[in-house]
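Welcome, and thanks for opening your viewer. Please load the model and keep the selection tool at hand for a walk through its parts.

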Amino acid sequence: MSVELSIIERYTSETETVNLSCGGNLDFAQVQPGDVIIDLGCGRGTETILAARKAMEGKAIGLDITPKMVQAAREQAALKGVTNAEFVEGALDSLPFPDSYADVMISNCSINHVSDKEKVFREIFRVLRPGGRFVVSDIMAQELLPVEITTDPEEIAACFGGAIPSDEYFRAIRNAGFLELEILKERSYLKKGYGLISRTLRAYKK
Ligand SMILES: C[S@@+](CC[C@H](N)C(=O)[O-])C[C@H]1O[C@@H](n2cnc3c(N)ncnc32)[C@H](O)[C@@H]1O
């Protein structure tokens, strides 16, 4: 099964689970009324809805590759009476938004699923307006994971196999055009005996 299908299958079956996140990031996003915020890999839309409330006359758009997640997110927004949150199906490495469209882009535990992380950060750079910022929470590996894990679609879908070493992850961000990177939060843990780090990062498009 392809990685993309494995991800969609996993998240389709996980629509009802309680918590998908690896760390909140909205507190660091400095959302202002009127802002356009994009939440990449929005899942059930919890952070998108919070962002929409902060944006007031602005709006928040959640993007996710799993149709069932997008549907669940739309239902959540309707249930909560939030009218300035929109949800679209799409892929992180090919964003369906124009250049310089967003003030803020957030992403919580989603970019690790994509093999070409630099492509995702290039898309983030393209879609952010000059002066805009991203706040991304994601999983990194303490060291290169073995190939049996990095090529296993199920481990990738489980927020594990796609974790790359920190220096590689930071290089992808720099190569995309973000010159200064802040590490706002980090936590180390073990999975199947391998060291992982959950980090929250912020950078501005200068
Ligand atoms: C761990 S969940 C996190 C969901 C949400 N951000 C949260 O914190 O609750 C990862 C999400 O990323 C989505 N995803 C994985 N790969 C993707 C891709 N290539 N493009 C868009 N979304 C993707 C999955 O469908 C899933 O909803």
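Which residue of β7 stands opposite M140? Select M140 and look across to β7: the residue opposite is I197. Please keep in mind along the way that this is a predicted model.

**The whole chain**

Zoom out and colour by secondary structure. You should find seven helices and seven strands, and from the N terminus on they run α-β-α-β-α-β-β-α-β-α-α-α-β-β. Along its principal axes, the C-alpha trace spans about 45 × 40 × 25 Å. The radius of gyration is 16 Å, which agrees with the value near 17 Å that a compact globule of 206 residues would have. Of these 206 residues, 41% count as buried. If you draw contacts with a separation of 6 or more, 69% of them come from residues 24 or more positions apart.

**The sheet**

Now show the strands alone. They form an open sheet of seven strands with mixed pairing, in the order β3-β2-β1-β4-β5-β7-β6. Its edges are β3 (85-89) and β6 (182-191), each of which pairs on one side only. Moving across the sheet, you will see a twist that averages 15° from one strand to the next.

**The antiparallel part**

Go back to the pair you began with. Select residues 128-141 for β5 and residues 194-204 for β7: these strands pair in the antiparallel sense over nine bridges. Next, add β6, which runs antiparallel to β7 and is joined to it by nine bridges. One place to check here is L190, which stands opposite G195 in β7. Then follow the chain round the hairpin of β6 and β7, where two residues lie between the strands. In this hairpin K192 takes a positive phi near 50°.

**The parallel pair and its helix**

Select residues 36-40 (β1) and 59-64 (β2). This pair is parallel, with five bridges, and within it I37 stands opposite A60 in β2. Add residues 46-55 to bring in α2, a helix that packs on the sheet and touches β1, β2, β3 and β4 (102-108). The direction of α2 makes about 165° with that of β2.

Is α2 mostly covered or mostly open? It is mostly covered, with seven of its 10 residues buried. To see them, pick E47, T48, I49, L50, A51, A52 and A55. Among the elements that cover these buried residues are β1, β2, α3 (67-79), β3 and β4. Just after the helix, stop at M56, whose phi is positive, near 50°.

**The core**

Centre on A51 in α2. Which residues does A51 contact, leaving aside its neighbours within four places in sequence? They are L26, V31, I37, D39, A60 and I106. Now widen the view to the largest nonpolar core, which has 55 residues. Within this core I37, I38, A51, M105 and I106 touch the most other members. The strand that gives the most to the core is β5, with seven residues.

**Two helices side by side**

Select residues 117-127 (α4) and 166-175 (α7). These helices pack at an angle of about 35°, with their axes 8 Å apart. The crossing of α4 past α7 is right-handed. Show side chains for K117, E118 and F121 of α4, together with Y169, A172, I173 and N175 of α7, and you have the residues that make the contact.

**Two backbone stops in loops**

Finish with two residues that are not glycines. Q30 sits in the loop between α1 (3-13) and β1, and has a positive phi of about 50°. Is Q30 buried or partly exposed? Q30 counts as partly exposed because it has 13 C-beta neighbours inside 10 Å, and a residue needs 20 or more to be buried.

For the last stop, go to the loop between α6 (153-157) and α7, where you will find C159. C159 has a positive phi of about 60°. With 20 other C-beta atoms within 10 Å, C159 is buried.

Key: Residues are numbered from 1 along each chain as its sequence is written. This is a predicted model: local features need pLDDT of at least 70, side-chain atom pairs count only at pLDDT 80 or more; totals for chains, interfaces and linings use all residues. Two strands pair if DSSP finds at least two bridges between them. Helices (H or I, at least four residues) and strands (E, at least two) are DSSP runs, numbered from the N terminus. Axes are lines fitted to C-alpha atoms, for helices over the stretch in contact, and angles run from 0 to 180 degrees between N-to-C directions. Two residues are in contact if their C-beta atoms, placed from the backbone, lie within 7 Å. A nonpolar core is a set of buried Ala, Val, Leu, Ile, Met, Phe, Trp, Tyr and Cys residues joined through C-beta atoms within 7 Å. A residue is buried if 20 or more other C-beta atoms lie within 10 Å of its own, exposed if 12 or fewer, and partly exposed in between; C-beta atoms are placed from the backbone. The radius of gyration is taken over C-alpha atoms; the globule rule is 2.2 Å times the number of residues to the power 0.38. A crossing is left-handed if the near helix is turned anticlockwise from the far one by less than a right angle, and right-handed if clockwise.
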